[in-house]
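Grab a pencil and your favourite viewer. Below are a few exercises, each with a worked solution to check yourself against.

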Amino acid sequence: MSVSSLEDVLKTVRSPADLLRNQQTGPNAYPGVPAEYTNWRDEQRAWQETCVLFNQSYHMADVLVEGPDAAKLLSYLGVNSFHNFTVDKAKQFVPCNYDGHVIGDVILFYLKENQFNLVGRAPVLNWVQFHAATGGYDVRVELDERTVRRADPTRRKSYRFQVQGPNAMKLVAAATGRPAPDLKFFNMTTLVIAGKQVRALRHGMAGQPGLELFGSWDDGEIVRQALIKAGQDFGLRLVGGRAYSSNTIESGWIPSPLPAVYTGEKMRPYREWLPATGYEATASLGGSFDSENIEDYYLTPWDLGYGGFVKFDHDFIGREALEKMAGQPHRRKVTLALDNEDVTRVISSMFQKGKRAKYLDFPSAVYCMHQFDTVLADGKPVGISTWIAYSSNEGRMLTLAMLDEQHAKPGTHVQLLWGEAGGGSRKPTVEPHVQTEIKATVSPVPYSEMARDSYADSWRNRQTGG
């Protein structure tokens, strides 16, 4: 049998869940930057105390969508409203499958009339490209693949940096020689840095004020060096791959929803279009949550805190299913603050022979592309944890979780089931171990007080539907 598509791959395995659980792929890589520039603890602390420079030029892919039907295509795919969405704005773009389960999420930039750019992980970009190619839309799409999937990994279409932290706007003012732009969240403008035109998005990835900066790849190093020079007076630290992967734990963004593409007859043409070597076919599942039914891993917009994005003012894929879900109870996104003594117990098991807990890495303890750990209360499952990392700023190991409403109130005590069933899967990142429970306290999301204040009116805090 010739295996050329995701659908072909699925015909060769017992179930999609079994395929992904034993996949040989580890956690998402952050290429192009050192693991640490100084040390990840100081790099974490700098995004809360001074300022940092994230270099995002390598690990995310971009898709440019332009043409008379560009907005029509994207509106049909996203749960988001496009009402009042205009040039020089951006939004968290969330498409779903026909049953209302999330494909993924990316940042959608409205660059100019009939021209949009989507930036993020592959699942959403693939979904957009498929419909552009098969839906009869008058659009042109151009993929700017991330570096690990490029023949020439040293060159892309554009660079992408983020400057974040309490001193970020002072740094930007020093780099431009002008007052930092006063922008609303997810609005854009154009700056000049070192004589180069730079597009700037008001962002706040680590819970602090800042800008995402992007422009022509050839200008990237010149702009980066100008930012580094300007940052010398403001405590700037460059952030490496180790610290970068943990910043989401403080800001409250779940970066790893499993794309809901593996089942459903309506999704079959898409699975036949997706390659056998692509993201969806090579993604890995891990964690203590263990089901043979891949649909148990699918998430709704409400699970991810995106319920407020769902607007029924337009026709879109999944609308009918989401209308039925809207009035039902939903899991709520929370932070779990893991008990320090229990975390220490797990770590100390490394210093004994015999039975050990699953290794708990620092700062990020995620060991696959899509982490799903069971959360318990009184021995019964009450939700799922999806991302786990240590925050030097908070002095805690934290996870981002989705719990039923009864157990989502801050202060509620639950337990995280850590480690995989049966001693572990066949993933190379999983060693023989025993499962163990780690006590945890339900906490707000975002966890840090500064992040909650910064995102008070942003997408990260919109937990309601409508």
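How many cavities of 30 Å³ or more does the structure hold? Keep in mind that you're looking at a predicted model.

**Exercise 1: Cavities**

Count the cavities, then describe the lining of the second largest one.

*Solution.*
- Step 1: The count comes to 4 cavities of 30 Å³ or more.
- Step 2: Go to the second largest cavity, with a volume of about 60 Å³.
- Step 3: Pick out its lining, made up of Tyr30, Pro31, Val33, Asn55, His59, Val239, Gly240, Gly241 and Tyr244.
- Step 4: Sort that lining by class, and you get 5 nonpolar and 4 polar residues, with no charged ones.

**Exercise 2: An open pocket**

Work out which helix gives the largest share of the lining of the second largest pocket.

*Solution.*
- Step 1: Start with the volume of the second largest pocket, about 480 Å³.
- Step 2: There are 27 lining residues, and Ala122, Arg146, Arg149, Gly278 and Tyr279 are the closest to the centre of this pocket.
- Step 3: Look for helices that supply at least two lining residues each; helix H5 (122–134) and helix H11 (279–282) both do.
- Step 4: H5 takes the prize, with 4 residues of the lining.
- Step 5: To finish, split the lining by class: 13 nonpolar, 9 polar and 5 charged.

**Exercise 3: One side of a helix**

Find the buried residues of helix H6 and say what they pack against.

*Solution.*
- Step 1: H6 spans residues 168–176, and its buried residues are Ala168, Leu171, Val172, Ala175 and Thr176.
- Step 2: These residues sit on the same side of H6, because the arc they cover around the axis is only 120 degrees.
- Step 3: Now list their packing partners. On the strand side of the list you have S1 (51–55), S7 (158–164), S8 (188–193), S10 (210–216) and S11 (236–238), and helix H7 (220–230) joins them.
- Step 4: Check what comes after the helix: glycine 177 follows H6, with a positive phi near 75 degrees.

**Exercise 4: Cores**

Which residues have the most contacts inside the largest nonpolar core?

*Solution.*
- Step 1: The largest nonpolar core has 109 residues, and Phe93, Leu118, Tyr262 and Leu336 have the most contacts inside it.
- Step 2: Zoom in on leucine 118. Leaving out residues up to four places away in sequence, its contacts include Val63, Leu74, Phe93, Val106 and Val128.
- Step 3: Don't stop there, as another core of 25 residues lies apart from the largest one, with Val163, Ala175, Leu213 and Leu238 among its members.

**Exercise 5: Two polar residues**

Are asparagine 28 and threonine 436 buried or exposed?

*Solution.*
- Step 1: Place asparagine 28 in the loop between helix H2 (16–21) and helix H3 (40–49).
- Step 2: The relative accessible area of asparagine 28 is 15%, under the 20% cut-off, so this residue counts as buried.
- Step 3: Setting aside residues up to four places away in sequence, asparagine 28 touches Arg121, Arg146 and Met369.
- Step 4: Threonine 436 belongs to strand S19 (residues 436–443). With a relative accessible area of 14%, threonine 436 is buried too.
- Step 5: With the same sequence neighbours left out, threonine 436 touches Arg345, Val346, Ala357, Leu416, Leu417 and Trp418.
- Step 6: Finish with a distance: threonine 436 and serine 288 are 148 residues apart in sequence, yet their C-alpha atoms are 9.7 Å apart.

Notes: Residues are numbered from 1 along each chain as its sequence is written. This is a predicted model: local features need pLDDT of at least 70, side-chain atom pairs count only at pLDDT 80 or more; totals for chains, interfaces and linings use all residues. Side-chain values use heavy atoms; hydrogens and water are left out. Buried means under 20% relative accessible area, exposed over 50%, partly exposed in between (1.4 Å probe, protein chains only). The arc is that of the directions from the helix axis to the C-beta atoms. Contact means heavy atoms within 4.5 Å. On a 1 Å grid over the protein atoms alone, a cavity is a set of points where a 1.4 Å probe fits but cannot get out, and a pocket is an open set with protein on both sides within 12 Å along at least five of seven lines; lining residues have an atom within 4 Å of a point. Grid points are joined across faces, edges and corners, and a volume is the space filled by probe spheres set on the points. Ala, Val, Leu, Ile, Met, Phe, Trp, Tyr, Cys and Pro count as nonpolar, Asp, Glu, Lys and Arg as charged, and the others, Gly among them, as polar. A nonpolar core is a set of buried Ala, Val, Leu, Ile, Met, Phe, Trp, Tyr and Cys residues joined through side-chain atoms within 4.5 Å.
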